[in-house]
Amino acid sequence: MVTPITSIDVKGKRLLVRADLNVPVDKGRVTDATRIDRFARGMKPLLEQGARLVILTHYGRPAPNELDPGFSVDKLRPALSDALGVPVRFSDTCATNAAVILSESLHDGQALLCENLRYNPGEAANDPAFAAALALLGDVYVNDAFSCAHRAHASTEAIARLLPAYAGPLLIEEMEALTNALERPEKPAVAIVGGAKVSSKIAVLKNLVGKLDAVIVGGGMANTFLFARGCPMGKSLHEADQVDTVREIEALAAKSGCEILLPTDIVCATAFAEDAPAVTVPADQCPDGTMILDAGPESIAAFNARLNHAHTILWNGPLGAFEIKPFDQATLQVARRAAALSHEGRAVTVAGGGDTVAALNAAGVTGDFTYVSTAGGAFLEWLEGKTLPGIAALMPPKQAA
């Protein structure tokens, strides 16, 4: 198991912390500081104990070796300083002697933010030399970026071999929430899995049906399941080449006693446009020339009835084209039901993935979920049952193998 940074005396130590501060910015100002605030919540007690923070992060996808000022992380400093409660200093490089000098000039309780890791091609290449240059910035390494842990990058994998390595508070929080929901769920446990394509979540579905009591399938993924059962698709998004995969997933679910719930009625329209004329029909009666864009009211009632008996709810992916009215109803109504169960203390609710977070925000229920992960790819790989490279690097060799 990983060792938390809170288990050691941090006074006077330079903590080289990998954070994920890749936040929305408009005209040079942070517009959503959720990630910064979450990160700061775990770091403030360490600063109060006398730690000296050296913070590494990426921002956007700059072309390597092209120092486009639009991707500088200096613009994050005001929001980061406010969240940490101390002025944050800045290094306009992250792997040079100048950055090392700045890190060595820190006093207890001070913080330094280093320039965008992705300006250097050694980051994505997991370059040992780049990792060695970064390692000079700290006395111990702390990974507090679960959302980046699925990438074997220099700041998440190679560097953990060069310094005493620990898990940050936010990473520990995320690991515990996801592990409890997936590996040690209070039964009955139900997953809601939506999104466009079965092919992108094959491993997720295979893992979930082997561990949980029920999986609700929605979005374009549900279309492919319905197509495999002989339902007409009209112009609907579906993957005709994934029928065998669907049948394999259904066989695994039957073997483990996991129920798969699909829409029994569907909302169809001729155009993917806001307020397009829509018709609700049984799931096996999609009219020619239309596309399935949401689950219908009968399906919503069935999904919510299943959730009413759940003690653990795990959610990834919307149940329809929630960005456009009126095709947001299944996502919003099921999200509100899950949130109500969580608020009433009847279920532990864990959600993750970019579209999922956007859907919960649209429903106005993000704060009522037990835990909402801001990770995208890392959340999916965790659902697949994989050990993430950034977490494996924090483990003793035998555990990581």
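## Exercises on helices, cores and backbone

Helix H2 (residues 77-84) buries Ala79, Leu80, Ser81, Ala83 and Leu84, where buried means under 20% relative accessible area, exposed over 50% and partly exposed in between (1.4 Å probe, protein chains only). Helices (H or I, at least four residues) and strands (E, at least two) are DSSP runs, numbered from the N terminus. The model is predicted: local features need pLDDT of at least 70, side-chain atom pairs count only at pLDDT 80 or more, and totals for chains, interfaces and linings use all residues. Residues are numbered from 1 along each chain as its sequence is written, and side-chain values use heavy atoms, with hydrogens and water left out.

### Exercise 1: around H2

Find what the buried residues of H2 pack against, and look at the residue that follows the helix.

Step 1. Take contact as heavy atoms within 4.5 Å. The buried residues of H2 then pack against helix H1 and against strands S3 (29-30), S4 (52-56), S5 (88-91) and S6 (111-114).

Step 2. Move past the end of the helix. Gly85 follows H2, and its phi is positive, near 80°.

### Exercise 2: three helix pairs

Work out how H10 packs with H11, H7 with H9, and H1 with H6.

Step 1. Start with the two quantities to look for. Two packed helices are described by the angle between their axes and the distance between the axes. Here axes are lines fitted to C-alpha atoms, for helices over the stretch in contact, and angles run from 0 to 180 degrees between N-to-C directions. Angles under 35 degrees count as roughly parallel, over 145 as roughly antiparallel, 65 to 115 as roughly perpendicular and the rest as oblique.

Step 2. Turn to H10 (residues 297-307) and H11 (residues 329-343). Their axes come within 10 Å and cross at roughly 20°, so H10 and H11 are roughly parallel to each other. H10 contributes Ile300, Phe303, Asn304 and Leu307 to the contact, while H11 contributes Gln329, Ala330, Gln333, Val334, Arg337, Ala338 and Leu341. Sorted by class, the contact of H10 with H11 has seven nonpolar, three polar and one charged residues. For these classes, Ala, Val, Leu, Ile, Met, Phe, Trp, Tyr, Cys and Pro count as nonpolar, Asp, Glu, Lys and Arg as charged, and the others, Gly among them, as polar.

Step 3. Next come H7 (residues 202-209) and H9 (residues 243-256). The angle is about 15° and the axes are 8 Å apart, so H7 and H9 are roughly parallel to each other. Ile202, Leu205, Lys206 and Val209 of H7 meet Thr245, Glu248, Ile249, Leu252, Ala253 and Ser256 of H9. This contact of H7 with H9 has six nonpolar, two polar and two charged residues.

Step 4. Finish with H1 (residues 34-48) and H6. Their axes are 8 Å apart and pack at about 110°, which makes H1 roughly perpendicular to H6. From H1, Arg38, Phe39, Arg41, Gly42 and Met43 meet Pro169, Leu170 and Glu173 of H6. The classes in the contact of H1 with H6 are four nonpolar, one polar and three charged residues.

### Exercise 3: the nonpolar cores

Identify which residues touch the most other members of the largest nonpolar core, then follow Val215 and Phe379.

Step 1. A nonpolar core is a set of buried Ala, Val, Leu, Ile, Met, Phe, Trp, Tyr and Cys residues joined through side-chain atoms within 4.5 Å. The largest has 78 residues, and Leu137, Phe146, Leu208, Val215, Phe225, Leu314 and Ile391 touch the most other members. Helix H6 (residues 169-182) supplies the largest share of this core, eight residues. Another core, of 30 residues, lies apart from it and includes Val23, Leu46, Val73 and Val140.

Step 2. Select Val215. Leaving aside neighbours within four places in sequence, its contacts include Ala191, Leu208, Cys258 and Ile260.

Step 3. Select Phe379 in helix H13 (residues 377-383). Phe379 is buried, with a relative accessible area of 0%. Not counting residues up to four places away in sequence, Phe379 touches, among others, Phe146, Leu178, Leu314 and Trp315. Phe379 and Phe146 are 233 residues apart in sequence, yet their C-alpha atoms are 8.5 Å apart.

### Exercise 4: backbone details

Locate the loops that hold Pro188 and Pro326, and decide whether Lys27 is buried or exposed.

Step 1. Pro188 sits in the loop between H6 and strand S9 (189-193), and a cis peptide bond with omega of about -5° joins Lys187 to Pro188. Pro326 lies in the loop between strand S15 (312-316) and H11; the bond joining Lys325 and Pro326 is cis, with omega about 5°.

Step 2. Lys27 has a positive phi near 55° and counts as exposed at 78% relative accessibility.
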